[in-house]
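Biologist: Could you take one part of this model and walk me through it closely? I'd like the ends, the buried face and the neighbours.

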Amino acid sequence: MIGPTDVLGGKRGPGRPRCDVTQQAILDAAVELVGTIEYRLVTVDAIAARAKVGKQTIYRWWGSKADVVLDAFTQHSLSRLPPLVPSQDAFEDLEADLVRFFAFMQNDTISRGVRSLVAEALFDAEFRCKLYERVHAVRCTALRRVFRHGVELAQFRSDFDEDALAHMIHGAFWYRFLSGTKMPLDAAYARSVVSMLRPFLERR
């Protein structure tokens with residue numbers, strides 16, 4: 001399986017190794033297929049055909065369909081989020097992080113694909129663990145960086161459970177994303193979430 005530094009978002013430049021270009025094509029194909037049809041209906045054969053490679057080429061780098069798809073939705077897709085550059089206001093950073101993530105998840109292919117992955121996780125315990133470790137945990141790590149930056153700036157209190165708070169914030173996202181509510185996942189919602197957290201987080 002390829003590691004986190006092997007796949008980067010964006011176009012490949014000229015002169016890149018052929019294996020690098022091939023891996024990119026496979027990851028593109030996995031995202032497109034899972035974002036078009038149900039994850040359960042996607043096969044390694046279909047990914048290979050879409051990427052115009054042999055099935056054994058996929059198994060050279062990934063052990064299963066789940067592995068290639070989850071790599072596609074983390075290293076390939078989440079890596080395309082605009083970079084968050086820390087500022088001198090950690091509350092603004094937290095809001096900016098949520099705004100960019102909410103906006104990213106409005107992409108039709110990504111949103112349909114992620115919903116399909118969550119549906120699969122409801123019935124497959126092994127897949128559920130992989131989904132948490134390689135998708136949800138990536139987002140929790142991003143939030144923890146913002147929390148720690150806020151503590152370093154003496155803007156956030158330090159005596160709170162980072163994981164619990166990260167899960168609460170993502171709970172606000174996942175409810176609107178999965179429940180079917182017509183309420184938007186937009187910048188105003190991100191601002192509202194951070195505003196409600198401010199009294200708890202703000203260092204006195």
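Modeller: Here is a close look at helix 8, residues 162–179. First, the ground rules: this is a predicted model, in which local features need pLDDT of at least 70, side-chain atom pairs count only at pLDDT 80 or more, and totals for chains, interfaces and linings use all residues. Residues are numbered from 1 along each chain as its sequence is written, and side-chain values use heavy atoms, with hydrogens and water left out.

Helices here are DSSP runs (H or I, at least four residues), numbered from the N terminus. Helix 8 has 18 residues, and its end C-alpha atoms sit 25 Å apart, which agrees with the 26 Å it should span at 1.5 Å a residue; the expected span is 1.5 Å times one less than the number of residues.

Now the ends. At the N-terminal end, Asp-161 acts as the cap, with a side-chain oxygen 3.0 Å from the backbone nitrogen of Asp-163. That counts as a polar contact if the N or O atoms are within 3.5 Å, one able to donate a hydrogen and the other to accept it; residues adjacent in sequence count only if both atoms are side-chain atoms. After helix 8 comes Gly-180, with a positive phi near 90°.

As for what is tucked away, the buried residues (under 20% relative accessible area, 1.4 Å probe, protein chains only) of helix 8 include Leu-165, Ile-169, Phe-173, Trp-174 and Phe-177, along with Glu-162, His-170 and Arg-176. The buried residues pack against helix 5 (90–104), helix 6 (108–121), helix 7 (125–152) and helix 9 (187–201), where contact means heavy atoms within 4.5 Å.

For comparison, take helix 4 (residues 65–76): 12 of its 12 residues are buried, so helix 4 is largely enclosed by the rest of the structure.

Terms used. Helices (H or I, at least four residues) and strands (E, at least two) are DSSP runs, numbered from the N terminus. Buried means under 20% relative accessible area, exposed over 50%, partly exposed in between (1.4 Å probe, protein chains only).
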